[in-house]
Structure formats: structure tokens, C-alpha cells
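Work through the exercises below with the sequence and the predicted model in view. Each task is followed by a solution that goes step by step.

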Amino acid sequence: MRGVLPISMEDIRAAAHRIAGRVVETPIVSSASLGEIAGVPVWLKLEHHQTTGSFKLRGATNAVASLSPAERVRGVVAASTGNHGRALAHAAKAQGIVATICMSRLVPENKVSEIRRLGADVRIVGRSQDEAQEEVDRLVREQGLVMVPPFDHPAVVAGQGTLGLEIVDALPQTATVLVPLSGGGLAAGVAAAIKGVNPKTRVIGLTMERGAAMKASLDAGRPVQVEEVRSLADSLGGGIGLDNRVTFSMCQALLDDVVLLTEAEIAAGVRHAYACEREIVEGAGVVGIAALLAEKISSGGPIVAILSGRNVDMEQHRRVINGEGAAFEEDGP
Ligand SMILES: *Cc1c(COP(=O)(O)O)cnc(C)c1O
């Protein structure tokens, strides 16, 4: 099976070569407190220390560096207000090309100015994410801009896979890797890299209990849509695309398990990261810690948990740290 997957080990090694010096090789540190709870050694890959605050810079940098000279002149485009938008804005500017980021009129001003500050050409259109995406499609069609999507793209997945290479290089004896899961670009790339070196290492995807599109799609055996629900792990929201071409088949072939977390468990993860590890991590970034605290991981050690990002609203972070309710109440009747 693995031979026919869209991304190979060579693609990931080529990506690592392409992005070397353009992204941070993030630290990997052991966690005594989580090791005690899990009963096996636990390591944290501090990818929230990545430039722009998330691993998305790896995929975006590889996608931009893979453009042809003609595509570089035309520039890149995406509709993202979150970590992918930041990453693409930074990657494009760093490589001297123009990034256009489309957003709806409803996006708060601080997010708009953040992406502008990173050097992107921000275009405000329409009243929803769908209308922003329609503008992206129009710019691709009429002006030849190159769309760089947040996960379902071979160069993006290969770029995210470089994080997996760093883990196996640092800790070849790793038995289990815990990966935050949404559209599956991170999980697909990391799993391909890790299993390319050691097929026996288990790779487990982690996501929130409600609104998890990849989990629902894996259960259904094909990409399906789910209703979006607000979550503390806001970077894990959104669909996987009904016409998914890369990440669904890779997650299907490579993930050993998917573990779901409640809002209260995610909040506990944010608190543990802060109080015990002295790290500010967004909800999506703590799901590995949350799963260990909730004792939802039964596979062996050493375990590596990827902390994937830190772009949390600091007022929300403060409320979670103070235990002022699990931000989005919880878990139905
Ligand atoms: C995008 C993102 C994820 C999920 O990555 P996918 O490739 O969509 O599965 C997890 N954590 C953070 C911080 C993110 O920005």
C-alpha cells in the first residue's frame, strides 16, 4: 500500500533540504510530570516555538520554494485567517514573492492587521469564508495566482513531514507519536516520515470530540462533511474537502488510531502546559498532553507529543488558566 501513497520519504527528504535554514529546527524536551502519569518516558516537540507560531510554516515554505519561476512571478493566494495565512504570508515574503490572503468582512481587525504585518496583500471580500474562497478561485482563474491550500497539497504535506524527520532523528527509539489532527496535513506528513524510518512506531491522531471531520470521514470510509462547532481547539475546525486528494488516503493508510477529547480535557491540557511545562500553547496544540492527562493513550513509550502551535488569544488563555469555565460549554445533554 505505502508505495502508492501520494507522498514518499524522498519527497519529505527533498522538502527538508529545501526549507533548511528557512524554518526553525524546534527543540524536543522530556516531561517529567507527564512521564510520571504515563508510566513511560514522554517527550514534547516544541513546535509552537516555530516562526509564526505553528508548524504550518514548514508546508507553506516548501510549497513556495517548489514554485516554478513563472509561478513565482504570479504569486500565491489562500483564504485563511489563521495559522496557514500567517505562515504563507511569512514564507512568501521571505522568498521575495507576493502572497494574497482573502478574508471576509467579518474577520476581526487584529487578525487582518497581523497578516498584513507579515507582508501579505490582504483582500477583504464578502461576508463568509466561502465568499473569501470564491475570490481565491477567481484570482486563480483570471490572474493565474497559485493557490496554496492549508493541508490537501503534496508540497504542503511533504513540508509538514519534515517535523516527523526531526523526531526520528532526535529519538529513533520513539514508540508512539501523538499528532494533532484536523485536515490531516500534519498527521499524514509526520506519519509518512516516521513510518518510513520505523514502520512499527505508532502514530495516533488527536482531535476534539465534536466537529472532527477527519474522524467522521475515516469512520465512513470516504470524505464526509460535519457540522462545525466552536472549540477551544479552534485550529482543528473545518472540513477535509469532499474532493480530498492527498490527506484522507494517507491518514487512512498510516494512522494507527484517532483519539477524541472533550473541551474540559483540552482546557486541562492548556493548564498543564502552562503550569507544569511553562509553555503557552493554543488548544489545538495541547491535545497530546490532554490525551495523556486523560489516560486515553495505552500504547507504549517512549511517547512524543507534538505541541503544534501557540496562536491563542491571550485573554482566552488567561480565562482557561484561571479555570473560568471550559470556554465553550460542553458536551451536550
Ligand atoms: C492547522 C493546525 C493543526 C491541524 O493540522 P492539519 O494539517 O490540518 O491536520 C493543528 N494544530 C495547529 C496549531 C494548527 O495550526
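**Exercise 1.** Determine how the residues of the shell around the ligand divide into nonpolar, polar and charged, and find which of them come nearest.

*Solution.* Begin with the classes: the shell holds six nonpolar, eight polar and two charged residues. Then turn to distance: of the 16 residues around the ligand, those that come nearest are K56, N83, S182, G184 and S308.

**Exercise 2.** Find which atoms of K56, G184 and L186 lie opposite oxygen atoms of the ligand, and state how much of the ligand's accessible area the protein covers.

*Solution.* Take the side chain first: K56 places a polar side-chain atom 2.7 Å from a ligand oxygen. The backbone follows, since a N or O backbone atom of G184 lies 2.7 Å from an oxygen atom of the ligand, and a polar backbone atom of L186 is 2.9 Å from a ligand oxygen. On its own the ligand has 380 Å² of accessible area, of which the protein covers 97%.

**Exercise 3.** Check whether the span of helix α8 agrees with its number of residues, and say how many of these residues are buried.

*Solution.* Helix α8 runs over residues 154-170, which is 17 residues, so that at 1.5 Å a residue it should span 24 Å. The C-alpha atoms at its ends are 25 Å apart, in agreement with that expectation. As for cover, 14 of the 17 residues of α8 are buried, and the helix is therefore mostly covered.

**Exercise 4.** Decide whether R141 is buried or exposed, and locate R141 relative to I97.

*Solution.* R141 sits in helix α7, residues 129-143. Because its relative accessibility is 60% and exposed means over 50%, R141 counts as exposed. From C-alpha to C-alpha, R141 and I97 are 19 Å apart in space, while 44 residues separate them in sequence.

Key: Residues numbered from 1 in each chain as written. Predicted model: local features only at pLDDT ≥ 70, side-chain atom pairs only at ≥ 80, totals over all residues. Heavy atoms only, no water. Near = heavy atom within 4 Å. Polar contact = N/O pair within 3.5 Å; in protein donor to acceptor, adjacent residues only side chain to side chain. Areas by Shrake-Rupley, 256 points an atom, 1.4 Å probe, with all protein chains shown as cover. Nonpolar A, V, L, I, M, F, W, Y, C, P; charged D, E, K, R; others polar. Helix = DSSP H or I, 4+ residues; strand = E, 2+ residues; numbered from the N terminus. Expected span 1.5 Å × (residues − 1). Buried < 20%, exposed > 50% of the residue type's maximum accessible area, 1.4 Å probe, protein only.
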